[in-house]
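Biologist: Please show me the chain, and then let me ask how each label was earned.

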Amino acid sequence: MVDRLVDSEANARRIANVENCFGGEVLVAPNRVLVGEGVLQKQCRKQLKPRQFFLFNDVIVYGTIIIHRKKYNNMHLLPLDEVRIVALDDIGPERQNGWQIISPRKSFNVYAANASEKSEWIQHLNTCIQGCQRRGAKKVTTELAPAWIPDDAATHCMICSKVKFSPINRKHHCRRCGKIVCNNCSIKRLLLPSQSAEPVRVCDPCFAEASAKRISDVKNDSSGDDDSDDNGAANRQEQEPAQFFS
């Protein structure tokens with residue numbers, strides 16, 4: 001079905017409409033098809049917030065809703081050849097029908113309006129991801145960005161368990177594991193190229209683990225025979241159901 005839509009007028013019109021809603025951002029690309037769209041509740045640092053999502057056969061795009069179906073901003077784009085999808089268990093009345101979108105650049109949780117919509121989103125996402133893999137897209141790196149734990153999930157540092165958070169003792173997130181930590185437990189910085197060109201805040205255990213891995217990799221590279229020549233969200237709100245075109 002997706003292949004039949006590649007050169008169709010309907011697909012070109014839908015993509016042009018998304019571009020216009022984002023103020024002229026260019027989204028048209030060879031063989032790109034808009035597979036579906038809908039509003040999902042995205043877990044931001046402090047709360048769930050509604051975001052408009054557009055699923056293409058090679059990327060997923062999302063942004064902040066200014067005027068529904070007319071205007072969006074803060075556009076983000078994640079190539080599907082870097083994405084993994086993990087279904088989430090329901091937690092409380094607000095965090096139901098969710099899944100994680102995991103990639104080297106950014107990872108986060110999203111929640112659909114109901115179980116049926118969750119199933120439909122995950123099915124289409126996995127179909128598009130598998131399509132990218134069949135087309136020979138690059139393999140997902142092992143260094144994936146974590147989905148940050150929401151601020152309201154911790155009153156104390158998740159590393160030392162001693163520091164109670166307050167206006168003076170602020171919450172910080174480790175960029176490697178996503179845990180909520182105090183300043184003393186996250187003084188160190190680590191270069192995570194998939195997330196930033198500059199070293200970012202990480203917790204002490206993540207820094208120690210990364211350092212140990214680096215040392216192990218160096219030892220492995222310098223030992224043994226060289227066989228290189230061998231052959232070898234805002235509160236949940238009522239929302240329209242997602243719309244899929246294939």
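**Labels and cut-offs**

Modeller: A salt bridge pairs D204 with K188, and their closest N and O atoms lie 3.9 Å apart. The two partners come from distant parts of the chain, D204 in helix α4 (residues 204-222) and K188 in the loop between β9 (180-181) and β10 (189-190), 16 residues apart. Helices (H or I, at least four residues) and strands (E, at least two) are DSSP runs, numbered from the N terminus. This is a predicted model, in which local features need pLDDT of at least 70 and side-chain atom pairs count only at pLDDT 80 or more, while totals for chains, interfaces and linings use all residues. Residues are numbered from 1 along each chain as its sequence is written, and side-chain values use heavy atoms, with hydrogens and water left out.

Biologist: What makes D204 and K188 a salt bridge?

Modeller: The rule asks for a side-chain nitrogen of Lys or Arg within 4 Å of a carboxyl oxygen of Asp or Glu. The closest N and O atoms of D204 and K188 are 3.9 Å apart, so the pair qualifies. By this rule the count comes to nine salt bridges.

Biologist: Why is D204 called partly exposed?

Modeller: Buried means under 20% relative accessible area, exposed over 50%, and partly exposed in between (1.4 Å probe, protein chains only). D204 has 27% relative accessibility, so it is partly exposed. K188, at 36%, is partly exposed as well.

Biologist: R95 and D152 also form a salt bridge. Which of the labels buried, partly exposed or exposed does R95 get, and which does D152 get?

Modeller: The closest N and O atoms of R95 and D152 are 3.6 Å apart. R95 is in the loop between β5 and β6, D152 in the loop between α3 and β8 (172-173), and 57 residues separate them. R95 has a relative accessible area of 19%, so it is buried. D152 reaches 54% and is therefore exposed.

Biologist: Which residues are joined into one network by salt bridges that share partners?

Modeller: E37, R69 and E240. Between R69 and E240, the closest N and O atoms are 2.8 Å apart. R69 also sits in the turn of the hairpin formed by β3 and β4, which has three residues between the strands, and its phi is positive at about 65°.

Biologist: How do you know that β3 and β4 pair?

Modeller: Two strands pair if DSSP finds at least two bridges between them. β3 and β4 (residues 71-79) have seven bridges in the antiparallel sense, so they pair. One bridge partner of I60 is L78 in β4.

Biologist: How do you know that C174 is in no disulfide?

Modeller: A disulfide is a pair of cysteine sulfur atoms within 2.5 Å. The structure holds zero disulfides. For C174, the nearest cysteine sulfur is that of C177, 3.6 Å away, so the cut-off is not met. C174 has 0% relative accessibility and is therefore buried.

Biologist: What makes a set of residues a nonpolar core?

Modeller: The set must consist of buried Ala, Val, Leu, Ile, Met, Phe, Trp, Tyr and Cys residues joined through side-chain atoms within 4.5 Å. The largest such core has 23 residues, and those with the most contacts inside it are F53, L80, W99, I101 and W121. Its largest share, six residues, comes from α3. A second, separate core of 16 residues includes F165, C174, V181 and C185.
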